[in-house]
Amino acid sequence: MSKNSNSYSFENKFITTNRNVIVYLFAVVIFTILLGFSDYYILPSLKTTDIITRYAVRTSSGKNGGKPQTVSHQYYTQKGFNFSTVNHSIEKGDVELEYSLLFKSVTKVKSKNTDYTKLLSSGLSINGIQFYTCCTLLLSASISIRILLSKKGFSENTFYNIICFNSFMIFVCLYMAYLF
């Protein structure tokens, strides 16, 4: 019985000494996500005319071994921008792009005849998966900070669940940023 009480007090000491570090790390994560959202939606964007040099079609496997379904089209431009559209291809090679100030994310795409902005799925666009994973991480980190700063005690299992879930969500957000 004394072994369990010693290891439990060690874990409590570990939690109390590292709680502030975890809170600061979550604050940095929240600040970074809010900076990304501010850059994409609030800060002014820059315009440029560009030429699509190549594209790739992203597909998902069909149900029961059927024909693969098109998920998105990934475009690469001459000036180094890349963006995705949801299940729709852009016919013309010349496009007018608007991109964010800090992270250079494409926020609007227009050709001479068509506006493809509502079809964007890359970056923090509302159609993209990265938008939803970042919102989930933002909500989770906010709730986690609230729990960690509360006067009410919590178990070490809660502490490790908070760290593991938020670490997983950070990994998913970074992976989605890499993919899209």
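**A tour from Phe83 to the largest pocket**

Select Phe83 first: not counting residues up to four places away in sequence, Phe83 touches Ile52, His73, Gln74, Tyr75, Thr77, Ile90, Leu97, Val106, Val109, Leu120 and Ser122. The model is predicted.

Next, add Ile90, Val109 and Leu148 to the selection. Together with Phe83, these residues touch the most other members of the largest nonpolar core, which holds 34 residues. To see which elements give two or more residues to this core, colour helix 1, strand 4 (94-100), strand 5 (106-110), helix 2 and helix 3. Helix 1 gives the most to the core, with 9 residues. In soluble globular proteins, nonpolar side chains tend to be buried together.

Now isolate helix 3 (156-179). Helix 3 has 24 residues and spans 35 Å from its first C-alpha to its last, close to the 34 Å expected at 1.5 Å a residue. Show its side chains and pick out the buried residues: Phe159, Ile162, Asn166, Met169, Val172, Cys173 and Met176. An α-helix has 3.6 residues a turn, so residues three or four places apart point the same way.

Last, move to the largest pocket, which contains about 610 Å³ of space. Centre the view on Phe103, Leu124, Gln130, Cys134 and Ala177, the residues nearest the pocket's centre among the 23 that line it. Helix 1 (2-42), helix 2 (129-149) and helix 3 each supply at least two residues of this lining. Which helix gives the most to the lining? Helix 1 does, with 6 residues. Coloured by class, the lining of the largest pocket shows 13 nonpolar, 8 polar and 2 charged residues.

Terms used: Residues numbered from 1 in each chain as written. Predicted model: local features only at pLDDT ≥ 70, side-chain atom pairs only at ≥ 80, totals over all residues. Heavy atoms only, no water. 1 Å grid on protein atoms, 1.4 Å probe; cavity = no way out; pocket = protein on both sides within 12 Å on 5 of 7 lines; lining within 4 Å. Points joined across faces, edges and corners; volume = space filled by probe spheres on them. Helix = DSSP H or I, 4+ residues; strand = E, 2+ residues; numbered from the N terminus. Nonpolar A, V, L, I, M, F, W, Y, C, P; charged D, E, K, R; others polar. Expected span 1.5 Å × (residues − 1). Buried < 20%, exposed > 50% of the residue type's maximum accessible area, 1.4 Å probe, protein only. Core = buried A, V, L, I, M, F, W, Y, C linked by side-chain atoms within 4.5 Å. Contact = heavy atoms within 4.5 Å.
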